[in-house]
Amino acid sequence: MSKISKVVLAYSGGLDTSAIIPWLKENYDCEVIAFVADVGQGEEELVGIEEKAIASGAIKCIVADLKEEMVADYIYPSLKTGAVYEGKYLLGTSMARPIIAKAQVEAALAEGADAVCHGCTGKGNDQVRFESTYAALAPHLSVIAPWREWDLRSREALLDYLAERNIPTTASLEKIYSRDANAWHISTEGGVLEDTWNQPNELCWVWTVDPEQAPDEAEYVSLKVEQGEVVEVNGESLSPYQALAYLNQLGAKHGVGRIDIVENRLVGIKSRGCYETPGGTIMMEALRAVEQLVLDKDSFLFREELALKASHLIYDGRWFTPLCQSVLAAAGTLADMVSGEVVIKLYKGQATAVQKRSANSLYSEEFATFGEDEVYDHSHAGGFIRLYSLASRIRALNSQKKN
């Protein structure tokens, strides 16, 4: 293996990546550039992060604002597929990883680095998502995964490691929960959640109010959808990120978007997490409502098949593959007609489409009415049913002949 002289590290400023910087310098005798992706995790997570990286030994810290790109080019295309992993999870962490890894690779190439590094553990999905992106976009770069190499196995060990080198950190032993946030969602794992018999406590939820404590009066929000993308909220034109940020605030106030799930990780381990996706839940409800109006039965069935396939491709870190791009393209084509207006009712943890209309709607009150109409001849249904069930009829007749 050729000598590594410069590494670009996916840096969060947390305990793990703070320890990785000096560890890389000591074990690879290399320069370390910290790469920070702003994907909407919150300003409090980014305050002082450049200084912290330099104090840990990095020669440089790059902070990339990826919020708009993430929502426009990753979240919106995923929404068009309707992807929901294992029936509940809106793929918050999964959709952030490919854009972070892609931007990290671009930084590594621009800086003339030999390698990229991440702080993912050997138990999780993120190591696969990062390294699959590296492989797809820059296979010549070496990949360093400290958690698969070093002997630091606990929070205490990491804190001692930094203390021995006089590297400042705000981390402590008191951290109970592991959290990951971006513009789409926030996840919480660990603590009481490690026992599936424990109910989540108030510390397991960060963004959203308890639905039981949410306002007693419902709030209504209007969304305009064009070709499967939210372009207006309450009559105001907003960029994808702006729309999501606004809907996050509204949804969080009403306790919308909470799930408590035990999911199947790609590596074979089951894990439990509490995920909050308030704005995303509202967007998903709006798009599906317009789809109900404009997609015919077979198109809707195909979109559901795409959703299932996309959920696993995205979760498994296969964004930059021909198959995933093909699925996204197919969903994008179906979404060409998904335009309309939806009113969503927000109340006590629920986001419900209560009004919907579209210029492309296939719904016809004249045909659907239970009252008297002049556009549908009921007698025509008999011939249709006879042809539709012809195979069953022939199969039954053959069985009668044999008997």
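**Aromatic rings and their charged partners**

In this predicted model, the charged end of Arg-129 is placed over the ring of Tyr-315, at 4.8 Å from the ring centre. A second arrangement of this kind involves Arg-165, which lies over the face of Tyr-161 at 3.6 Å from the centre of the ring.

Contacts between the aromatic rings themselves were then examined across the whole structure, and the search returned 9 aromatic pairs. One of these is formed by Phe-130 and Tyr-134, a tilted pair whose centres are 6.2 Å apart and whose planes make an angle of 55 degrees. The two residues belong to helix H6 (residues 126-137), and because Phe-130 and Tyr-134 are 4 residues apart there, about one helical turn separates them. Phe-130 is buried, its relative accessible area being 6%, and Tyr-134 is likewise counted as buried, with a relative accessibility of 2%. Another pair consists of Phe-384 and Tyr-388, for which the ring centres are 5.5 Å apart and the planes stand at 25 degrees; the pair is classed as stacked because this angle falls under 30 degrees. Phe-384 and Tyr-388 are both located in helix H13 (residues 380-388), where a spacing of 4 residues again corresponds to about one turn of the helix. In the pair from helix H13, both Phe-384 and Tyr-388 are exposed, whereas Phe-130 and Tyr-134 are buried.

Beyond these two helical pairs, ring pairs also join Trp-23, Tyr-28, Trp-147 and Trp-150 into a cluster.

Notes:
Residues are numbered from 1 along each chain as its sequence is written. This is a predicted model: local features need pLDDT of at least 70, side-chain atom pairs count only at pLDDT 80 or more; totals for chains, interfaces and linings use all residues. Side-chain values use heavy atoms; hydrogens and water are left out. Rings of Phe, Tyr and Trp (its six-membered ring) pair if their centres lie within 6.5 Å; planes under 30 degrees apart count as stacked, over 60 as edge-to-face and the rest as tilted. Buried means under 20% relative accessible area, exposed over 50%, partly exposed in between (1.4 Å probe, protein chains only). A charge sits over a ring if NZ of Lys or CZ of Arg is within 6 Å of the ring centre and within 35 degrees of the ring normal.
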